[in-house]
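Me: Please take a close look at a single part of this structure, the sheet and the helices around it, and then carry on to how the chains meet. I am new to it, so go step by step.

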Number of protein chains: 2
Amino acid sequence: MSEYIDHDPNGTTVGQVEKQFFTFAGTDDPFVLESGASLGSVTLAYETCGTLNPDRSNAILVLHALSGDSHVAGYYRADDAKPGWWDIMVGPGKGIDTDKYFVICANILGSCMGSTGPASVNPATGKPYGTDFPLITIGDMVRAQKILVDHLGIDKLLAVVGGSIGGMQMLEWCVRYPDSVASAVALATTCRHSALAIAFNEVARQSIMADPNWRGGHYYDGPRPGMGLAIARMIGHITYLSDESMRLKFGRRLQNKSALSFEFGADFQVESYLQYQGNKFIERFDANSFLYITKAADYFDLAREHGNGSLVKAFSKCRARFLVVSYTSDWLYPTYQSKEMVTAMKKTNLDVSFCEIEAQWGHDAFLLPNDKLDHLMAGFLRSVAHASAAV
Amino acid sequence: MSEYIDHDPNGTTVGQVEKQFFTFAGTDDPFVLESGASLGSVTLAYETCGTLNPDRSNAILVLHALSGDSHVAGYYRADDAKPGWWDIMVGPGKGIDTDKYFVICANILGSCMGSTGPASVNPATGKPYGTDFPLITIGDMVRAQKILVDHLGIDKLLAVVGGSIGGMQMLEWCVRYPDSVASAVALATTCRHSALAIAFNEVARQSIMADPNWRGGHYYDGPRPGMGLAIARMIGHITYLSDESMRLKFGRRLQNKSALSFEFGADFQVESYLQYQGNKFIERFDANSFLYITKAADYFDLAREHGNGSLVKAFSKCRARFLVVSYTSDWLYPTYQSKEMVTAMKKTNLDVSFCEIEAQWGHDAFLLPNDKLDHLMAGFLRSVAHASAAV
């Protein structure tokens, strides 16, 4: 997701939140992954906002995308410069209303924001895993989340909500745990990556692995592969925007308005923007986590994994009500991919609402302020809650 | 341009061709560039096919794109594995019929295929220029080509034909030398790069400059920045294709059909294809030339340079007849950019024909076999030649 989103500093927020940690599995009881490998200990960082009602029926699980974390809304400290990454959506009176719902958000397995990932210490060696960390899948992420949700004593989630790679997790939740999900919201997501999406991810991974500081993934005792990760992030950022949004945001405006530099610096504002985003990203994100999470996203294929190649068959296991939202200018996960999803859902007689939102901002649109999405989200959740008498 | 184009080995070709060299400028008479810097000696590699008629009125200048060269058609030797890069278009009875026309193609200034560029020896030091080579512009490339065309004794070109960055040169020719161009064909090109196109180029350049072997551009006495250049090429290749063409060509097909590898190798065919293209490219192309040519393309802005910001004003200097062709799935230089060009041309009462060709293959389409383009090209040239009584 992008960094440049302006949050409304005067908006109502959930206030102070705290990052919590839940650890499970052990040497005798490892967490076995889809690859066949296993992890001796798994920690998930998570945060909650709102209040769980007495019958534990108002919980909403929010699933973050590639570079997100558990900090979905609110502030850790009063002097934080920014609230959580989806503060525009999650809070009192917002699209996901924390006056009504209990919101859970966990950092995904494989990430570097508190949950177990390649930068974590391998209990077997006492050193960071690096690329000894086994490859994980969206299914593995979701199975870990299910253990957390069980630990929190929640049998059935009122809703599972996710955009982009978070949307893949949402789909996996609905198919894998049909009895545990009353409803689900898919934003700007897909049942499987196109060749184009895989291609962008692969070039980004190559750029990290080409950085001499990457050293086969075992770099934690030395300099980080920052240049490779910065380039990977720049590639990502291009795919999150759109031709139109870049034209509106940057056009051909120069950094130095007086003239072209005739040097290999950043002449155009769009160049400077990408360099800034790349450099900012390496301060907070781990290059190996980028490799693991993008690979998990590329591997994800709901039809192959759960329907023997048929999306209809995969969805036939679901019982959730769905809201599916795509954005007109999203060329990473274009509307036609959401429509394929919706068509398959309808063929299995699932209750699904679909909306394509007119937006210039490309894939990033799902994270930007949008009244239409707020209303859709609030209305959908209200209807689901009413049906299940949760609120 | 892509490498995977299949040429028809049984097609008629121009037969044997020879790479020639033309050198101009000198210490006392340098070639002064738009940046203000100058080159003490400039060599252009060029090839010709067909026969120049007695009144020198049947010459067509073909302008190549980023990674092209002077070898537009035919073979150097009988055992060459492949003919020139546009052999499907240039030859006896083809779209650009060498039985009728005399075709010239020169490697662009700044390239590494025989013409002066950053890998050339700097006469002042006796060593390769590296990044001491001055930044060049599309205008500089075209001014060098004009000196070559003058040298060949041709006052007026029957046509100037170019696709992609070759199309930019074509536009520059028409505006800069209106008396020397009877007609012009623009394929899959633009009057200026969008922010999106600049963004892709900048990330590709960053990837080269991040390679430790790049060493500030002075690497000719050591290992080449191959990994950086390979990644730059992979990024380019993604932009030459389209979502649809990648789906048709690769989809999610695996390299090893039996299973996912659960390793960071190339699982998907699209990954393997990109890696192959990247690795093949570094055998033949110079990383610094990639930097210089992409920067020249990003700088190109016909309206700014020749119309004080107005495209109409820029085209008001032209007298050529135009054929403008775009491709439906080209998202690097989309049809709307060709339409802007055509609209401005029409406003200055230029004679322009425009055709958007339905094609799945993205930007690459202009280099792929296409009967429609062959017919358009042949018909347009025939009409122009008839009007000027050249053939």
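Reply: In chain A, strand E13 (residues 321-327) is joined to strand E14 by 6 bridges, and the two strands run parallel. One of the pairs in this ladder is A:Ser326, whose bridge partner in E14(A) is A:Glu356. The model is a predicted one.

These two strands belong to an open sheet of chain A with 8 strands, in the order E1-E4-E8-E5-E11-E12-E13-E14, and the pairing in the sheet is mixed. Strand E1 (20-24) and strand E14 (352-357) of chain A are at the edges with a single partner strand each, so one side of each has no neighbour in the sheet. From one strand to the next, the twist averages 20°.

A helix lies over this part of the sheet. Helix H11 (residues 371-388) of chain A goes across strand E11 (159-163), strand E12 (183-187), E13 and E14 of chain A. Its direction is at about 175° to that of E13(A).

The sheet of chain B can be read in the same way. There, 8 strands form an open sheet in the order E1-E4-E8-E5-E11-E12-E13-E14, again with mixed pairing. Its edge strands are strand E1 (20-24) and strand E14 (352-357) of chain B, each of which pairs on one side only. The twist from one strand to the next averages 20°. Further in, strand E12 (residues 183-187) and strand E13 (residues 321-327) of chain B pair in the parallel sense over 5 bridges. Within that pairing, B:Val185 stands opposite B:Leu323 of E13(B). Helix H1 (residues 138-151) of chain B packs on the sheet and touches E1, strand E4 (42-49), strand E5 (59-63) and strand E8 (102-106) of chain B. The direction of H1(B) makes about 55° with that of E4(B).

Next come the helices of chain A that pack on one another, beginning with H3. Helix H3 (residues 195-209) and helix H7 (residues 287-299) of chain A pack at an angle of about 160°, and their axes are 10 Å apart. H3(A) and H7(A) are therefore roughly antiparallel to each other. The crossing of H3(A) past H7(A) is left-handed. On the H3(A) side the contact is made by A:Ile198, A:Asn201, A:Ala204, A:Arg205 and A:Ile208. On the H7(A) side it is made by A:Ala287, A:Phe290, A:Leu291, A:Thr294, A:Ala297 and A:Asp298. By class, the residues in the contact of H3(A) with H7(A) are 7 nonpolar, 2 polar and 2 charged.

H3(A) also packs on helix H4 (residues 226-240) of chain A: their axes come within 7 Å and cross at roughly 165°. That angle makes H3(A) roughly antiparallel to H4(A). H3(A) passes H4(A) in a right-handed crossing. H3(A) contributes A:Phe200, A:Val203, A:Ala204, A:Ser207 and A:Ile208 to this contact. From H4(A) come A:Gly228, A:Leu229, A:Ile231, A:Ala232, A:Ile235, A:Gly236 and A:Thr239. The residues of the contact of H3(A) with H4(A) divide into 8 nonpolar, 4 polar and no charged.

H4(A) in turn meets helix H6 (residues 269-282) of chain A, with axes that come within 8 Å and cross at roughly 125°. H4(A) is thus oblique to H6(A). This crossing, H4(A) past H6(A), is right-handed. The residues of H4(A) in the contact are A:Gly226, A:Leu229, A:Ala230, A:Ile231, A:Arg233, A:Met234 and A:His237. H6(A) supplies A:Leu274, A:Gln277, A:Gly278, A:Asn279, A:Phe281 and A:Ile282. Here the classes are 7 nonpolar, 5 polar and 1 charged.

The last step is the contact between the chains. It takes 40 residues from chain B and 40 residues from chain A. On the side of chain B that touches chain A, the elements giving two or more residues are helix H3 (195-209), helix H4 (226-240), helix H5 (243-249), helix H6 (269-281) and helix H7 (287-299) of chain B. H3(B) gives the largest share, 10 residues. By class, that side of chain B has 24 nonpolar, 6 polar and 10 charged residues.

As for how the copies are related, a turn of 180° and a shift of 0.0 Å along the axis lay chain B on chain A with an RMSD of 0.0 Å. This is the relation of a two-fold axis. The same surface serves both copies, as 100% of the contact residues of chain B recur in chain A.

Technical notes: Residues numbered from 1 in each chain as written. Chains lettered and ligands numbered in written order. Predicted model: local features only at pLDDT ≥ 70, side-chain atom pairs only at ≥ 80, totals over all residues. Contact = placed C-beta atoms within 7 Å. Helix = DSSP H or I, 4+ residues; strand = E, 2+ residues; numbered from the N terminus. Nonpolar A, V, L, I, M, F, W, Y, C, P; charged D, E, K, R; others polar. Least-squares fit on C-alpha atoms with pLDDT ≥ 70 in both. Pairing = 2+ DSSP bridges. Axes fitted to C-alpha atoms, helices over the stretch in contact; angles between N-to-C directions. Parallel < 35°, antiparallel > 145°, perpendicular 65-115°, else oblique. Left-handed = near helix turned anticlockwise from the far one by under 90°.
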